[in-house]
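I am opening a notebook on a structure that is new to me, and I will set down what I looked up, one topic at a time.

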Amino acid sequence: MELFSNLAVGFSVALTPATLMLAVFGCFLGTMIGSLPGLGPSNGVAILIPLTFSLGLDATSALVLMTAVYYGAMYGGRISSILLNIPGDEPALMTTLDGYPMAKQGRAGDALVISGVASFVGAFLATIGLMLLAPILARVAFLFGPAEYFALYILAFSTLGGVASNNQAKAVLASCIGLGIAMIGLDNSSGLPRFTYGNLHLMDGVDFLVAIVGLFAVAEVFFFIESHGKKSSIGVKLEKVTVPVRDIVASTWTMLRSTGVGFVAGVLPGAGASLGSFLAYMSEKSIAGPNGGFGTGSPKGVAAPEAGNNAAAGGALVPMLTLGVPGSGTTAVLLALLLTLNITPGPTLFTERPEVVWGLIASLLIANFVLLAMNVPMVKIFVRVLQVPPGILLPGVTMISFVGIFSLSGSYFDLLLMVAFGVLGYVLRKMDVPTVPIILGILLGNAMEDALRRAMVLSDGDPLFLLSSPIAVGLWVAAIAGFVAPMFLRQFIRKPQAVTD
Amino acid sequence: MRSDRVLGLVVILVALAYIASATQIQVSFLSDPVGPKTFPILIGAAAALAGGVMVFRPDEEPDWPALATLGALGISVAVMVVYAYSLKPFGFLIPTTITAGILSYQISQRPLFSVITGIGLSIGLFFIFRFALGLGLVPFPKAFYG
């Protein structure tokens, strides 16, 4: 019954006209950002964070707006996957496998509607899962001491490095870059400067928003300059949009199973939405068997990754809100938002700021219905967005990034740092070094070091204290397994590459 | 192959420099058992190890862009750096028009289109930032107002 009273609190926050409008606006903006090729949820949310501050919103409203954008971008990512064969973001890659062939067969409208409904099923059920699971996990999180938190951070980095990237060494390198950058600034416990080399700008440390916008948005601009925007010229025309009832009914179980798979993948810290859509697609493919038509434009092949991807997006909010450990790149960006709004995620968030958590959950429930309405009957509006030429879009993104970062601190130094991060992001991504662990490292570095140091204070310097509780041991085992296992599995499971014309 | 080896070596060097610089961190007289040096040194060691693996087990060579494209990228970086410095003294509109125009040209390769994009973006974004978001942007250099 506690759940219902909590939900009542949530809806009383979410149903105020102002919050409701923000949620609708966020959904619209998010779907648009998601459907723009080259502007995925991470980039989109990242460049909007600084601007949210200039609107002067309170914490709940800002959070509602940005998570609506996040969910919206997850829905919108499928549009460019299906029509242009360009995934708007990494999780949408799996949608291209069957979505684009379907569109080429003249069933683009059907693919969009099926994936829209699948997104709704995935996201809606995952939000309910979040509602049920998060308070339980928040209670478990009270048992976490510094040793457990340290193990949890290790788990987040190792699953992110092990599962979500192609080369473990490069994932370790990326995590180290992030953690190394986090060390810059004043030491949390002694207050003495570290790695500042006498530079006053570095005393505060490197602002993670600068790093995020640089690594995601500015680096993307460089990629478009490299390709001269040629990637986006081919496309499939969308004729009439009707609702393919039979296909939707036929893929009901696919959607439900994929939602389960995706949600679990999302809850795992560090694994995220890409893994969710990948596992959902692969498991449905093996259930359907070789005659299932996966890869040739099967409606189930469109429904599975979209349900999985959106369920994972909801699931990723569970560890982010209860433990402060994001489950994916975009939730890392949302964590950055929370930290800038001075909200510390963790178990205490549920007891001390229930209006934030439950207001957020209620808005997400509402946002899902808004998104369903926007993404099925109104999908044609967003298809128009695809026609924005990259020659206008990317300079626009650059200018918004500059003004956003400039409005944060008003210093040249941050702008230059942002450009430097853009170059770094471009080079690293070229060399297949993942950039999400860098963000995670910058965000979690200080908390991770604090956890280690507090654990050592408690045990008077005995390193075995890190393995002193069953929870900590379990997390370490999971971390090592998550890091090592993919090395062996990689020979058997290959990530499918995008379909080429 | 070669790129990974080079990056691996660079990583090892930077990691060693990082560790060396970590040993120079001041320690306050009242310190915890771990102190401010240990964690950075651990990070440096892990990074050096990753660099070593990259030297000995490199991935396939990525396809680097041609020289002309590298030039275009270099120009874009330079333009962004200049833009960062000119935003305050020259106001929003003029630097934004020029920067957006150049970036647009680098992507689309169409001169007229880029000029229109530059002008349109700077004016459009100025109105959004100034009036919808309430940012205190200055449209023109201070000298214009006398």
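In which hand, left or right, does α8(A) pass α3(B)? I looked this up first, keeping in mind that the model is predicted, and I found that the crossing of α8(A) past α3(B) is right-handed.

**Entry: a helix pair across two chains**

I then noted the geometry of this pair, in which helix α8 of chain A covers residues 208-227 and helix α3 of chain B covers residues 67-86. Their axes cross at roughly 145 degrees and come within 9 Å of each other. On the side of α8(A) I listed F222(A), I225(A) and E226(A), and facing them from α3(B) I listed T69(B), A72(B), L73(B) and S76(B). Sorted by class, the residues of the contact of α8(A) with α3(B) are four nonpolar, two polar and one charged.

**Entry: where chain A touches chain B**

I widened the view to the contact between the chains, where 52 residues of chain A meet 54 residues of chain B. On the side of chain A that touches chain B, I found that α3, α7 (168-182), α8, α18 (390-409), α19 (412-430) and α20 (436-459) each supply at least two residues. Which helix gives the most to this side of chain A? I found that α18(A) does, with twelve residues. When I sorted the side of chain A that touches chain B by class, I recorded 32 nonpolar, twelve polar and eight charged residues.

**Entry: a helix pair inside chain A**

I went back to helix α3 of chain A (residues 41-54) and looked at how it packs with helix α14 of chain A (residues 329-340). I noted an angle of about 15 degrees between them, and their axes lie 8 Å apart. Angles under 35 degrees count as roughly parallel, and α3(A) and α14(A) are therefore roughly parallel to each other. I also wrote down that α3(A) passes α14(A) in a left-handed crossing. The residues that α3(A) brings to this contact are P41(A), S42(A), V45(A), A46(A) and I49(A), while α14(A) brings G329(A), T330(A), V333(A), L334(A), A336(A), L337(A) and T340(A). I counted the contact of α3(A) with α14(A) by class as eight nonpolar, four polar and no charged residues.

**Entry: two positive phi values**

I next turned to backbone angles, remembering that most residues other than glycine have a negative phi. N342(A), which is not a glycine, has a positive phi near 70 degrees, and I located N342(A) in the loop between α14 and α15 (347-352) of chain A. Is N342(A) buried or exposed? I found 7 C-beta neighbours inside 10 Å, and N342(A) therefore counts as exposed. D432(A), also a residue other than glycine, has a positive phi near 70 degrees, and D432(A) sits in the loop between α19 and α20 of chain A. I noted that D432(A) is partly exposed, because 15 other C-beta atoms lie within 10 Å.

**Entry: chain B**

I closed with chain B, which is divided into domain 1 (2-56) and domain 2 (67-145). Taken over C-alpha atoms, the centres of domain 1 and domain 2 of chain B are separated by 39 Å. I picked out S21(B), which lies in helix α1 (residues 2-23) of chain B, and I recorded S21(B) as partly exposed because 14 other C-beta atoms are within 10 Å. S21(B) and I41(B) are 20 residues apart along the chain, and I noted 9.2 Å between their C-alpha atoms.

Methods:
Residues are numbered from 1 along each chain as its sequence is written. Chains are lettered from A and ligands numbered from 1 in the order in which they are written. This is a predicted model: local features need pLDDT of at least 70, side-chain atom pairs count only at pLDDT 80 or more; totals for chains, interfaces and linings use all residues. Axes are lines fitted to C-alpha atoms, for helices over the stretch in contact, and angles run from 0 to 180 degrees between N-to-C directions. Helices (H or I, at least four residues) and strands (E, at least two) are DSSP runs, numbered from the N terminus. Angles under 35 degrees count as roughly parallel, over 145 as roughly antiparallel, 65 to 115 as roughly perpendicular and the rest as oblique. A crossing is left-handed if the near helix is turned anticlockwise from the far one by less than a right angle, and right-handed if clockwise. Two residues are in contact if their C-beta atoms, placed from the backbone, lie within 7 Å. Ala, Val, Leu, Ile, Met, Phe, Trp, Tyr, Cys and Pro count as nonpolar, Asp, Glu, Lys and Arg as charged, and the others, Gly among them, as polar. Domain bounds come from an automatic or database domain assignment. A residue is buried if 20 or more other C-beta atoms lie within 10 Å of its own, exposed if 12 or fewer, and partly exposed in between; C-beta atoms are placed from the backbone.
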